[in-house]
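Pull up the sequence next to the 3D view before reading on. We'll go from the overall picture down to a few single residues.

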Amino acid sequence: MATPSPTTFSQPFNFSKDVRRTTLKTSTIFGPKLKSGEIEHTHLRLLTSFMTGPRLELKASKDPPGLTQQLDNSRLESLAETENVCDFFEDLKHRFLRFKKRKFKENLEHFQNLAQGQAPKFMIIACADSRVCPSNILGFQPGEAFVVRNIANLVPTFESGPSETNAALEFAVNALKVENILVIGHSRCGGIRALMSMQDEEDSSSFIRSWVVVGKNASLITKSAASNLSFDQQCRHCEKESVNHSLSNLLTYPWIEEKVARGELFVHGGYYDFIDCTFEKWTLDYEGGNLEKNSRFAVKNQFYWC
Ligand SMILES: [Zn+2]
């Protein structure tokens, strides 16, 4: 399959191909039917937990039938939720012990070295979305990547002032001396949807709005370039445009631009599509030009993994 990755920031991806993919997949894979199915599954799990939870069985056997029957629905639901939470932490406990046995103890020397310090080659900036964990999809192991996740994987400009994202950037670049920064966008991003839905006159007391406005230029460019497309398709376009916007913003940090200009640091964009499980990757081709507002940078080393 041809690579739909960007050739320049002004053309972040192969538009017609991208639109076609969205049209074909949207309703069939993540349509309303599947969503309702997921809700049913959750409900079923809750019921199963309630029906089989050991504490509830014990209580039911001790109480006389009449008392058991008096439990109203809300109390039952509350108990079921408690059981569900206990189940979940029991699950986490087993996952942790499995990690300890299979990863930690089997690679004890590696983890002992990590206990002395970290020297990751990558800094990752990814969305906080629960479906797009970079360690999960790209297989980063402990010590390999310094990760910051925020709503819509945005990077504010240097002039924007302090945030947890640029604090992490400062530490990763200046203290850890990472060699690569990878900003990963993704499909169906709720943060980008919020950005694209934002109205100028909206209440600015929302933390989400105050944050996603960081990507406002990306949404303006998208609305200008893709006004003929549906809102969903515009959001998809903006998911990639905002990654490029973040790459440009990275270069507003003097200590990042200097390292990029010297070839000590490379800045990459990525896009994970969890609908058809594909990953696009590209690298900013910095040639030392002055960074002007809304300037465009060429990209290189584009890959499309499918
Ligand atoms: Zn997202």
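What follows is a walk through the fold, starting with how far to trust it.

This is a predicted model, so local features need pLDDT of at least 70 and side-chain atom pairs count only at pLDDT 80 or more, while totals for chains, interfaces and linings use all residues. Residues are numbered from 1 along each chain as its sequence is written. pLDDT is the predictor's confidence in each residue, from 0 to 100. Its mean over the chain is 80, with 73% of residues reaching 70 or more. Two stretches deserve some caution: pLDDT stays under 50 over residues 1-8, and also over residues 10-65. If we call two residues in contact when their C-beta atoms, placed from the backbone, lie within 7 Å, then the model has 25 contacts beyond four places in sequence for residues 1-8 and 43 for residues 10-65.

Now the parts list. The chain has 13 helices and six strands; these are DSSP runs numbered from the N terminus, with helices being H or I of at least four residues and strands being E of at least two. Of the contacts with a separation of 6 or more, 68% are between residues 24 or more positions apart.

The strands come together in an open sheet with the order 2-1-3-4-5-6 and mixed pairing, where two strands pair if DSSP finds at least two bridges between them. Strand 2 (145-150) and strand 6 (298-305) stand at the edges with a single partner strand each, so one side of each has no neighbour in the sheet. From one strand to the next, the twist averages 20°.

Strand 1 (122-127) is a good place to zoom in. It pairs with strand 2 in the parallel sense over six bridges, and five bridges join it to strand 3, again running parallel. Met123 shows both sides of this: its bridge partner in strand 2 is Phe146, and in strand 3 it stands opposite Ile181. Further along the sheet, strand 4 (residues 266-273) and strand 5 (residues 278-285) run antiparallel, joined by six bridges. There, Tyr271 stands opposite Glu280 in strand 5.

Helices lie across this sheet. Helix 8 (residues 164-175) crosses strand 1 and strand 2, running at about 170° to strand 2. Helix 12 (residues 231-250) lies across strand 1, strand 3 (180-186), strand 4 and strand 5, at about 155° to strand 3. The angles here run from 0 to 180 degrees between N-to-C directions, with axes fitted to C-alpha atoms, for helices over the stretch in contact.

So what is buried? A residue counts as buried if 20 or more other C-beta atoms lie within 10 Å of its own, exposed if 12 or fewer, and partly exposed in between. Buried residues make up 28% of the 306 residues. Six of the six residues of strand 1 are buried, so strand 1 is largely enclosed by the rest of the structure.

The largest nonpolar core has 48 residues, and those with the most contacts inside it include Ile124, Ile181 and Val183. Such a core is a set of buried Ala, Val, Leu, Ile, Met, Phe, Trp, Tyr and Cys residues joined through C-beta atoms within 7 Å. Strand 1 gives the most to this core, with six residues. Among the residues Val183 touches are Ile125, Val243, Leu247 and Gly269.

Finally, look at Leu154, in the loop between strand 2 and helix 8. Leu154 is buried because 26 other C-beta atoms lie within 10 Å. Its contacts beyond four places in sequence include Val212, Ser242 and Ser246. The C-alpha atoms of Leu154 and Leu247 are 9.3 Å apart, although 93 residues separate them along the chain.
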